[in-house]
Amino acid sequence: MFDDKKNLVESAWENRQLLESDDVRQVICAVVDDLDKGVLRCAEPVDLENSKWQTIEWVKKAVLLYFAIQSMRTMHAGDFEWFDKIDIKRGWQNLGVRAVPNVVARYGGYVAPGAILMPSYINIGAYVDSGTMIDTWATVGSCAQVGKNVHVGANAVIGGVLEPVQAAPVIVEDDCFIGAASVLVEGVHVCREVVLGANTVITGSSRIIDVTGEQPVEYKGFIPPRSVVVSGTYTKKFPAGDYGVRCALIIGRRKESTDKKTSLNDVLREFPVS
């Protein structure tokens, strides 16, 4: 369905002189419009049962080319003013999205009907699915993928990535709780029904240690389904001495019977962690 668009985008990526063609520019704009409508994504699941996703590189290329063909301009929303290349999203009522004052979402970022946006920021290429709440001052970065019925807590950061184009975006699957002030960056993959305690910072190289068994099991960049995760530390030797280094600890699993709508605090109380 998208092969013609893909071929034109790939050609323009290799030969930037093609950006002078109106036909090529229209295709690039059409791809970003498809992103805005949720027709295309920068990453998509190929096997949700096993949490397998793939990055759609040509779509990310189209976003970068879109920046190249757009001009800086002044934009207004009432008394607010911006000077940028990318418009903000509008028409929240028609989109079926509750958008609280001071929310800012850029055109090219998809927000599904039924989502709730507190004063927050959604970047181009991001995907926010239905039933999800992006809480106050939280950020969903470029190309980040957030599933259904997710609660992204206040001041949390779901990091973005456009370059390099082969880099996987942050993925948060359905029914997750992302605690306040948590940070997920560098392509971290959070599988379905995960609960992440407040102020948990995970990068692509962070150690994620399952401490529920007799021996620790370590992951990097991947949190298994239904994990309950909190911030922790481990001791690392340096020339100047031994110091605690931040990590993430898997301290338990949500039960199959756990209500997916249960609050973050209620889930954490099952372990005993506040």
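The second largest pocket of this predicted model is lined by Asp36, Lys37, Asp87, Ile88, Lys89, Arg90, Leu95, Tyr107, Tyr110, Val111 and Pro113. The space in this second largest pocket comes to about 160 Å³. Two elements, helix H2 (22–37) and strand E7 (110–111), each give at least two residues to its lining. By class, the lining of the second largest pocket holds six nonpolar and five charged residues, and no polar ones.

The largest pocket has about 250 Å³ of space. Its lining consists of Ala77, Phe80, Trp82, Ile88, Lys89, Arg90, Gly91, Trp92, Asn102, Val103, Val104 and Ala105. Strand E4 (80–84) and strand E6 (104–105) are the elements that contribute two or more residues to this lining. Eight of the lining residues of the largest pocket are nonpolar, two are polar and two are charged. Ile88, Lys89 and Arg90 appear in the lining of the largest pocket and also in that of the second largest pocket.

Two tyrosines from the lining of the second largest pocket, Tyr107 and Tyr110, lead on to the aromatic contacts. Five aromatic pairs are found in the whole structure. One of them joins Tyr66 and Tyr107 in a tilted arrangement, with 6.4 Å from centre to centre and 45° between the planes. Tyr66 belongs to helix H3 (residues 57–69) and Tyr107 to the loop between E6 and E7; the pair thus links distant parts of the chain, 41 residues apart. Both Tyr66 and Tyr107 are buried.

Another tilted pair is formed by Tyr110 and Tyr127, whose centres are 4.8 Å apart and whose planes make an angle of 40°. Because Tyr110 lies in strand E7 and Tyr127 in strand E10 (residues 127–128), this pair ties together parts that are 17 residues apart in sequence. Tyr110 and Tyr127 are both buried.

The ring of Tyr127 also has a charge over it: the charged end of Arg41 sits 3.6 Å from the ring centre. A second arginine, Arg16, lies over the face of Trp13, with 4.5 Å to the ring centre.

Turning to the strands, E1 (residues 43–47) and E2 (residues 52–55) pair in the antiparallel sense, with four bridges between them. In this pairing Pro45 stands opposite Trp53 of E2. E1 and E2 make a hairpin with four residues between them, and Ser51 in the turn has a positive phi of about 55°.

Parallel pairing is found in an open sheet of six strands, ordered E6-E9-E12-E15-E18-E21. E6 and strand E21 (201–202) are at the edges and have a single partner strand each, so one side of each is left without a neighbour in the sheet. E6 is also one of the elements that supply residues to the lining of the largest pocket. Within the sheet, strand E15 (residues 157–158) and strand E18 (residues 183–184) run parallel and are joined by two bridges. Val157 stands opposite Val183 in E18.

Technical notes
Residues numbered from 1 in each chain as written. Predicted model: local features only at pLDDT ≥ 70, side-chain atom pairs only at ≥ 80, totals over all residues. Heavy atoms only, no water. 1 Å grid on protein atoms, 1.4 Å probe; cavity = no way out; pocket = protein on both sides within 12 Å on 5 of 7 lines; lining within 4 Å. Points joined across faces, edges and corners; volume = space filled by probe spheres on them. Nonpolar A, V, L, I, M, F, W, Y, C, P; charged D, E, K, R; others polar. Phe/Tyr/Trp six-rings, centres within 6.5 Å; stacked < 30°, edge-to-face > 60°. Buried < 20%, exposed > 50% of the residue type's maximum accessible area, 1.4 Å probe, protein only. Lys NZ or Arg CZ within 6 Å of the ring centre and 35° of its normal. Pairing = 2+ DSSP bridges.
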